[in-house]
Amino acid sequence: MIKSLLSASICLLPIQLFSQEKPIIKYYDSLWSPTTKESAFFSAEFSRQGNLYKCTAYWTNLRKLNGVGFFADTILAKPQKLLLNYYQNGRIQDSSWYDENSQAIFA
């Protein structure tokens with residue numbers, strides 16, 4: 001019995017590893033309007049976490065962290081949970097918390 005379960009889990013492990021979605025990369029200008037990779041001021045990586053997308057944003061030319069947050073979409077329209085923005089020196093600039101309806105609880 002244990003041998004059968006172990007064999008089944010070993011067979012399913014590669015399927016689970018390869019079924020993960022690749023991150024979505026988007027590029028934005030200095031006003032957070034979508035743009036091309038070549039003219040990007042910011043870049044954002046969206047990775048699926050449950051029913052939300054974790055967005056990690058960077059200053060493209062500096063390769064430094066700009067912000068981290070969770071969104072119900074990949075167009076930055078529906079923030080949820082914690083949203084952190086950073087100064088270029090790495091210190092926290094701002095933090096906000098949004099409910100499941102994208103309403104700010106505190107900002």
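Me: What makes residues 1–19 stand out in pLDDT and contacts?
Reply: Over residues 1–19 pLDDT stays under 50. That score is the predictor's confidence in each residue, from 0 to 100. The model also has zero contacts there beyond four places in sequence. A contact means heavy atoms within 4.5 Å. This is a predicted model, where local features need pLDDT of at least 70 and side-chain atom pairs count only at pLDDT 80 or more, while totals for chains, interfaces and linings use all residues. Residues are numbered from 1 along each chain as its sequence is written, and side-chain values use heavy atoms, with hydrogens and water left out.

Me: What does the protein average in pLDDT?
Reply: The average is 86. At least 70 is the score of 81% of the residues.

Me: How many helices and strands are there, and in which order?
Reply: One helix and seven strands. The order from the N terminus is α-β-β-β-β-β-β-β. These are DSSP runs: helices are H or I with at least four residues, strands are E with at least two, numbered from the N terminus.

Me: Why is S102 called buried or exposed?
Reply: Its relative accessible area is 18%. Buried means under 20%, exposed over 50%, partly exposed in between (1.4 Å probe, protein chains only). At 18%, S102 is therefore buried. S102 sits in the loop between β6 (92–98) and β7 (104–106). Its phi is near 65°, a positive value in a residue other than glycine.

Me: And what is W32 called, buried, partly exposed or exposed?
Reply: W32 has 31%, so W32 falls in between and is partly exposed. The phi of W32 is near 65°, again positive without being glycine. W32 lies in the loop between β1 (24–28) and β2.

Me: How much of the protein is buried?
Reply: Buried residues are 25% of the 107 residues.

Me: What makes a group of residues a nonpolar core?
Reply: The members must be buried Ala, Val, Leu, Ile, Met, Phe, Trp, Tyr or Cys, joined through side-chain atoms within 4.5 Å. The largest such core has 11 residues, including Y28, F42, F46, W59 and Y98. Two elements give two or more residues to this core: β2 (42–49) and β3 (52–59). The largest share, four residues, comes from β3.

Me: Which residues does F46 touch beyond four places in sequence?
Reply: Among them are P23, I24, Y53, K54 and D73.

Me: How do you know whether D73 has a salt bridge?
Reply: A salt bridge needs a side-chain nitrogen of Lys or Arg within 4 Å of a carboxyl oxygen of Asp or Glu. Lys and Arg count as positive, Asp and Glu as negative; His and the chain ends are not counted. For D73, the nearest side chain of opposite charge is K78, at 5.3 Å. That is beyond the cut-off, so D73 is buried yet has no salt bridge.

Me: What does the side chain of D73 reach instead?
Reply: The backbone nitrogen of L76, at 3.3 Å. The backbone nitrogen of K78 also lies 3.3 Å from a polar atom of this side chain. A polar contact is a pair of N or O atoms within 3.5 Å; within protein, one must be able to donate a hydrogen and the other to accept it, and residues adjacent in sequence count only if both atoms are side-chain atoms. D73 itself is in the loop between β4 (64–71) and β5 (79–86).

Me: Where is K54, and is K54 buried, partly exposed or exposed?
Reply: K54 is in strand β3. With 27% relative accessible area, K54 is partly exposed.
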